[in-house]
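User: I am new to this structure and would like to understand the terms used for it. Please set each value against its definition.

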Amino acid sequence: MTHLHTPSARVSGLFSELYIGLMSGTSLDGVDGVLMHHEDGQWRTLAHAHRPFPPALRQALLDLNTPGEDELHRSALAAQALAVVYATVVEAVCQQAQVPPAEVQAIGAHGQTVRHRPDQGYTLQLNQPALLAELTGIDVIADFRSRDVAAGGQGAPLVPAFHQAIFGRPDETVAVLNIGGMANVSILRPGQIPQGFDTGPGNALLDMWCDLQTGHAFDANGEWGASGEVREDWLADALAEPFFHQAPPKSTGRDLFNAEWLTRWLAPHGLTDGPQADAALARDVQATLCELTARSAALALREHAADASDVVVCGGGALNGDLMRRLGEQLPGVRVGRSDAHGLDVMQVEAAAFAWLAWTHLQRLAGNVPAVTGARGPRVLGALYPAR
């Protein structure tokens, strides 16, 4: 079993294998990066850095989630700007750990998902890995999802194998719930292949509505939503979305849960996705969207992981106190807590997974779990962009 340790400072003499993982998720809040050391089956987190997206880049990435004019040119420019942000994160984690970039084996860079259509045989993570290799002087491994899609899989989620290595237990079933822009779950049973799938929206709809109504990019600690009331009829309409009733393997993204989905959901109730005259109604929408994230995840967990003793929550949603409270209410008798208590900060888990996936690529090991993604078999994921 792989073990994870988080030392307070650099441990000298152990730097034969260093990897950096970079993650920018569908929440579009910026880039998280971790520097990790691997030796003898143990992973040590040495440094973590976060850099928010400049507003213009965030808007450009958001716009690219839907069809628009001159997409190829805009995509190329956004990918270059993204690589520059990635490079600043790489520099930050190396400086924190006092590690020269030349000592880093590889960077695992997920890229920014702007289209996810495995039903059409493709998934697109915007990236410029060649530029990132040039800027950092470190080999870059990118484009992890497309190999799984080529083999008939969903290309997502890719983190269950990593979750098994870090959070799996020999005597209990554990579920890991990652709540980013979307939410996905990994189900880890002793001695079994992990299961995993997307459960539905995470923070994406919550952040979208909060921004429209308050001008704030997100609802800090869920306090605004907590002041509203859940409208059960609105919630029932939302849960009627066919995705929630599909059997795994399944994955989703902003291709489905986006502004158009929000408009369709609000319209029958006489609401729009513009500023609301009635502030109380706006808070009720936020409360209902928060309940949607919690209840859709809990429904999936009760159906597919009823034997889980713990639900380990990571991602930005773990910082939303109202959402965590709702999850706990929906899962009585289950220990619901943040990944911090299990050795890895909530904002580091996904980035760490891509450091791990970079390692699997260089070892020629499969990074996907066919039972999770639906691929025809195990595949080595990613493409290598050498720095020299």
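User: Why is E172 called partly exposed?

Analyst: E172 has a relative accessibility of 25%, and since buried means under 20% relative accessible area, exposed over 50% and partly exposed in between (1.4 Å probe, protein chains only), E172 counts as partly exposed. This is a predicted model, in which local features need pLDDT of at least 70 and side-chain atom pairs count only at pLDDT 80 or more, while totals for chains, interfaces and linings use all residues. Residues are numbered from 1 along each chain as its sequence is written, and side-chain values use heavy atoms, with hydrogens and water left out.

User: What makes E172 and R169 a salt bridge?

Analyst: The closest N and O atoms of E172 and R169 are 2.9 Å apart, and the definition asks for a side-chain nitrogen of Lys or Arg within 4 Å of a carboxyl oxygen of Asp or Glu, so the pair qualifies. By this rule the count comes to 15 salt bridges.

User: How do you know that D284, which forms a salt bridge with R231, is buried or exposed?

Analyst: D284 is at 8% relative accessibility and therefore counts as buried, whereas R231, at 29%, counts as partly exposed.

User: What makes the salt bridge of R326 with E291 a tie between parts of the chain?

Analyst: R326 lies in helix 11 (residues 321–330) and E291 in helix 10, so the pair ties together parts that are 35 residues apart in sequence; helices here are DSSP runs (H or I) of at least four residues, numbered from the N terminus. Both R326 and E291 are buried.

Notes: Helices (H or I, at least four residues) and strands (E, at least two) are DSSP runs, numbered from the N terminus.
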